[in-house]
Amino acid sequence: MVRTFTRPGPALALALALLAVALGCSSPSTVGDRLAPFRKHGVRAERTREELKASVGWLDVAAQEAGRSTISTAELLAFAEKSRAAARPAVPSPKRNILVVTGGGSYGAYPAGVLVGWTATGTRPEFDVVTGISTGALLGAFAFLGPGEDAELQRCYTTLRDRDIYKRNRIIPSLLSESLADSGPLAQVIERTANDERIARFAAEHAKGRRYYVGTTDLDARRAVVWDMGAIAARNTPESRELFRKVLLASAAIPGFFPPVRIPMTVDGRRYVERHIDGGTTSSMFFAPPYAPPGHEPPPGWLHGSNLYILVAGKLYPDPSPVKPRTFAIASNAVSTVIYDQTRSDLHKLFLLTAMTGMTYNVSVIPPEINSPLESTKFDPKEMSRLFCAGAQWAQSAQSAQSGPNWRITPPGYEPGEGAKYRSGTALTDTGRNAGTGILGPPVSPIPSAPMIPMAPVVPEK
């Protein structure tokens with residue numbers, strides 16, 4: 001994500017000098033001699049990319065027995081079905097469809113493809129509620145307006161480049177400012193896509209009772225904020241349309257990479273300015289129930305049988321990759337790892353919610369066998385088109401005219417190879433070479449081939 005210097009400069013020379021003093025060396029040139037005793041000769045500390053991919057199967061077989069699941073996948077699903085049955089009301093309510101879209105930057109090309117491929121199957125419903133965070137906010141906007149926006153959705157996630165999204169600032173000044181990049185280009189993309197005509201359509205759908213929500217994070221208050229975008233659109237003023245676009249920009253304002261978005265507020269007549277950043281800072285996804293008119297309290301079990309669809313703009317577990325021994329690289333990788341864990345945690349919460357309310361639980365993520373870009377802030381049309389087509393292919397394969405795509409129905413950790421690794425020592429076995437061990441389960445089959453939807457001809461923006 002961050003550019004690093006390749007040539008020593010004054011700062012590096014000063015750092016070497018200070019290190020020399022700390023080690024009691026007479027000059028920086030003797031630093032290496034003093035550090036020599038700390039080196040481990042004969043041990044290759046860094047693993048190659050191929051070894052890292054294989055490391056998924058490196059296990060301490062004896063210790064792994066301690067990590068066997070308390071609840072098996074079959075028991076978990078049986079418990080969920082029992083809970084759903086208990087939530088069934090005597091008088092069923094109309095089934096609703098709720099869509100939740102996560103953040104993920106350029107990885108959003110995959111769920112974008114899922115939406116377009118889902119349309120091609122003829123089973124994609126109209127969503128009563130859509131919630132989105134970060135890139136999921138833009139995706140959610142297109143999904144909310146319906147399949148008629150598929151061509152624009154495809155264009156946004158297969159043709160845009162880095163320069164269409166951001167402009168990198170010079171490294172030294174950026175370290176003393178709010179961000180490493182300028183999100184001005186993204187603001188222009190949002191202004192073109194969230195134009196007055198589309199915002200008016202949000203207002204019209206809001207009047208019908210449908211809801212579209214976007215999540216941001218109040219930087220200073222450190223709290224999640226949920227915006228009712230249809231209600232904002234319904235005000236139909238220049239200020240409300242500007243706020244609509246600002247919220248979309250704020251939800252995608254990756255902290256440190258993009259600057260916070262300033263949104264004026266009025267509290268009891270007093271004016272304040274809040275700074276909002278990426279909603280993924282406080283939550284990777286969120287659920288909101290369908291609208292119930294005032295005075296019409298929903299009956300118990302009203303969500304039973306309704307469908308919750310979750311589109312994850314990424315994988316459940318990140319692809320292993322060597323991390324450069326640099327401060328920014330290590331910090332960036334650590335933050336990314338935390339976000340992946342947060343996503344898995346949020347998926348567990350939504351699974352529990354569906355079990356308690358009787359809703360169905362349907363998840364789509366980038367399959368582990370699909371190679372994804374290493375950086376979600378890298379917008380390469382070739383890579384994004386590949387992810388988009390993979391999403392469309394998944395939606396069109398292994399589906400029936402009645403049920404649609406073959407959704408994942410288990411939370412993270414309940415599929416082969418997803419459990420935690422337990423260790424009692426450092427002598428490991430490469431179980432990936434022995435499918436008969438049963439520890440990792442059978443290898444995942446490739447996605448079956450399916451007719452691809454035609455890529456609409458587009459002209460890349462200059």
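1. Second largest cavity. In this predicted model, the second largest cavity has a volume of about 80 Å³. Its lining consists of Leu138, Ala141, Phe142, Leu145, Thr193, Ala194, Arg198, Phe202, Phe244 and Leu248. By class, eight of these residues are nonpolar, one is polar and one is charged.

2. Elements around the second largest cavity. Three helices, α7, α12 (196–207) and α14 (238–251), each supply at least two residues of this lining. The largest share comes from α7, with four residues.

3. Largest cavity. A search of the whole structure finds two cavities of 30 Å³ or more. The largest cavity has a volume of about 290 Å³. It is lined by 22 residues, and those closest to its centre are Thr135, Ile165, Leu186, Ala252 and Phe379.

4. Lining of the largest cavity. Which helices each supply at least two residues of the lining of the largest cavity? They include α7 (135–145), α8 (150–159) and α11 (184–193). The lining has 17 nonpolar residues and five polar ones, and no charged residues. Helix α7 thus deserves a look in both places: α7 supplies at least two residues to the lining of the largest cavity, and four to that of the second largest.

5. Helix α14. This helix, named above for the second largest cavity, has 14 residues that should span 20 Å at 1.5 Å a residue, and its end C-alpha atoms are 20 Å apart, which agrees. The helix is mostly covered, with 10 of its 14 residues buried. The buried residues are Ser240, Arg241, Leu243, Phe244, Arg245, Val247, Leu248, Leu249, Ala250 and Ser251. Two of them, Phe244 and Leu248, also appear in the lining of the second largest cavity.

6. Helix α5. Residues 73–86 form α5, which has 14 residues and reaches 20 Å from its first C-alpha to its last, close to the 20 Å expected at 1.5 Å a residue. Its buried residues are Leu76, Ala80, Ser83 and Arg84. They lie on the same side of α5, because they cover an arc of only 100° around the axis. What covers these buried residues includes α15 (327–357) and β11 (360–364). The face turned away from the buried side carries the exposed residues Ala74, Lys82 and Ala86.

7. Ser134. Most residues other than glycine have a negative phi. Ser134 has a positive value, near 60°. Its place is in the loop between β3 (129–133) and α7. Is Ser134 buried or exposed? With a relative accessible area of 9%, Ser134 is buried, because the cut-off for buried is under 20%.

8. Arg222. Here too phi is positive, near 60°, in a residue other than glycine. Arg222 is found in the loop between β6 (211–218) and β7 (223–228). Arg222 has a relative accessible area of 70% and is therefore exposed, as the cut-off for exposed is over 50%. Ser134, by contrast, is buried.

9. The chain as a whole. The protein chain has 16 helices and 12 strands. Buried residues make up 44% of its 462 residues. Among contacts between residues at least 6 apart in sequence, 76% join residues at least 24 apart.

Methods
Residues are numbered from 1 along each chain as its sequence is written. This is a predicted model: local features need pLDDT of at least 70, side-chain atom pairs count only at pLDDT 80 or more; totals for chains, interfaces and linings use all residues. Side-chain values use heavy atoms; hydrogens and water are left out. On a 1 Å grid over the protein atoms alone, a cavity is a set of points where a 1.4 Å probe fits but cannot get out, and a pocket is an open set with protein on both sides within 12 Å along at least five of seven lines; lining residues have an atom within 4 Å of a point. Grid points are joined across faces, edges and corners, and a volume is the space filled by probe spheres set on the points. Ala, Val, Leu, Ile, Met, Phe, Trp, Tyr, Cys and Pro count as nonpolar, Asp, Glu, Lys and Arg as charged, and the others, Gly among them, as polar. The expected span of a helix is 1.5 Å times one less than its number of residues. Buried means under 20% relative accessible area, exposed over 50%, partly exposed in between (1.4 Å probe, protein chains only). The arc is that of the directions from the helix axis to the C-beta atoms. Contact means heavy atoms within 4.5 Å.
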